[in-house]
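Here are my notes after going through the model you sent. I've kept them as numbered points so you can check each one against the coordinates.

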Amino acid sequence: MSKNIITGNTEASWKQILSQSITRPDSLPASFEIDGAGLSEVTARYPMLVNPYYLGLIRQKGDAIYRQCIPDMREITNQAGLEDPLNEEGLSPVPGLTHRYPDRVLFLISSRCAMYCRFCNRKRKVGRASMVTRETIREGLSYIQSNKEIRDVLLSGGDPLLLGNKELFGILNELRNMTHVEIIRIGTRVPCTLPQRVTPRLTNILKKFHPLYINTHFNHPREITPEAGLACRRLVDAGIPLGCQTVLLKGVNDDMATMKNLMRKLLTIRVRPYYLFQADLAKGTSHFWTPLSQGLKIISGLQGHTSGLCVPHFAIDLPGGGGKVPLLPEYVMETKEDGLLIKNYLGEEYRYSIQETE
Ligand SMILES: *Cc1c(COP(=O)(O)O)cnc(C)c1O
Ligand code: SF4
């Protein structure tokens with residue numbers, strides 16, 4: 001029986017798709033008419049990898065999918081931004097682990113992704129083999145083991161689901177054996193960029209480690225394909241709540257119609273929007289930045305206008321390592337001793353009397 005490479009769900013098929021990835025600008029389709037020499041300078045600094053599944057989602061040069069995965073000269077010509085915008089290195093007690101908040105840590109366990117997003121805030125690191133090693137994983141695990149206040153471990157990278165099943169099992173198993181670790185979270189773009197990775201064998205492994213949460217990352221409604229839907233269904237059917245961390249990106253999803261469509265479609269594949277991030281101020285990504293007012297406008301256009309389940313927290317991650325802060329559109333127009341003047345989603349004003357509610 002022949003296996004369709006795109007819908008196949010064997011262990012071999014996702015590895016095969018990944019092995020056919022394009023990593024050199026010269027190998028991109030001729031129809032893109034790229035400047036191969038110029039873009040090679042970009043990829044010498046920031047690696048490129050586009051697997052055939054994600055490449056296949058591009059309809060034309062410059063569309064929302066193209067912009068996320070195809071290198072752009074502005075990555076090296078525009079110097080705005082910071083190498084490490086969230087000061088992850090400064091808050092890192094051992095390499096590859098960031099301990100910013102009291103009860104939880106960010107733990108990088110893979111340096112590879114199924115596609116290198118051009119807007120990645122960890123652009124300085126992804127795709128470099130030295131970023132995560134057996135040694136850094138070992139050190140990270142022993143840091144978590146000896147710091148009992150850590151109750152939530154967020155596995156990230158790179159993409160944790162690019163590890164082989166055995167390696168992933170080993171790490172999850174060690175974490176689960178630490179009694180103070182209450183929940184494990186995985187941040188992964190695989191359901192979007194390489195949904196074939198979510199095999200029944202993988203979900204059988206993951207479901208042994210509950211409570212396990214996954215936050216995935218979709219940025220455009222065209223990424224929600226039947227393959228992505230199947231991957232998410234398998235994860236949710238394995239009892240794993242799925243959230244989505246979308247990044248607001250100029251030229252990709254920075255308009256109301258696209259964002260509303262994306263959020264609604266996520267719910268149809270059983271993914272609950274979690275965060276909508278203002279793009280971080282990472283060097284090499286400034287062509288994706290949007291004004292802060294745009295994110296607020298988008299949240300106002302969602303809240304009340306469509307299901308509350310569609311509305312993520314709009315958040316900025318403070319440069320320098322201050323952490324995530326949610327931003328809300330202004331609904332309270334006036335605060336007085338006896339009440340509030342409040343604007344609803346249609347912009348109509350209502351008085352809310354505090355006395356009456358006592
Ligand atoms: C984002 C992040 C977390 C998780 O934050 P939540 O708001 O709990 O999702 C934890 N640690 C670091 C360093 C982070 O950047
Ligand atoms: S999948 Fe995540 S870590 Fe990997 S390149 Fe994209 S944004 Fe960065």
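1. A word on terms before the hairpin: two strands count as paired if DSSP finds at least two bridges between them. Keep in mind, too, that this is a predicted model.

2. On that definition, β8 (residues 313–318) and β9 (residues 323–326) are an antiparallel pair, joined over 4 bridges. If you want one pair to click on, I316 has V325 in β9 as its bridge partner. The hairpin has 4 residues between the strands, and G320 takes a positive phi there, near 95°.

3. Now ligand 1. Its surroundings are made up of T98, R100, Y101, R104, L106, L154, R185, Y274, Y275 and K324. By class that shell splits into 5 nonpolar, 1 polar and 4 charged residues.

4. Which side chains put an N or O atom close to an oxygen atom of ligand 1? R185 does, at 2.8 Å, and Y274 does, at 2.7 Å. For K324, a polar side-chain atom lies 3.0 Å from an oxygen atom of the ligand. On its own, ligand 1 has 390 Å² of accessible area, and the protein covers 91% of that.

5. Where does ligand 1 sit? It is in the largest pocket. Three elements give two or more residues to its shell: β1 (97–101), β2 (104–108) and β7 (272–278). Of these, β1 gives the most, with 3 residues.

6. Ligand 2 has C113, M115, Y116, C117, C120, V126, G158 and R189 around it. That shell counts 6 nonpolar, 1 polar and 1 charged by class. The space ligand 2 takes is, again, the largest pocket.

7. G158 from that shell deserves a second look at the backbone. The G157 to G158 peptide bond is cis, with omega near 20°. G158 itself is in the loop between β3 (152–156) and α7 (165–176).

8. A few more backbone spots to inspect. Most residues other than glycine have a negative phi, and most peptide bonds are trans. The bond from H210 to P211 is cis, with omega near -5°, and P211 falls in the loop between α9 (200–206) and β5 (212–216). E33 is not a glycine, yet it has a positive phi of about 45°; look for E33 in the loop between α1 (11–19) and α2 (36–45).

Methods: Residues numbered from 1 in each chain as written. Chains lettered and ligands numbered in written order. Predicted model: local features only at pLDDT ≥ 70, side-chain atom pairs only at ≥ 80, totals over all residues. Heavy atoms only, no water. Near = heavy atom within 4 Å. Polar contact = N/O pair within 3.5 Å; in protein donor to acceptor, adjacent residues only side chain to side chain. Areas by Shrake-Rupley, 256 points an atom, 1.4 Å probe, with all protein chains shown as cover. 1 Å grid on protein atoms, 1.4 Å probe; cavity = no way out; pocket = protein on both sides within 12 Å on 5 of 7 lines; lining within 4 Å. Sits in = over half its atoms within 2 Å of the grid points. Nonpolar A, V, L, I, M, F, W, Y, C, P; charged D, E, K, R; others polar.
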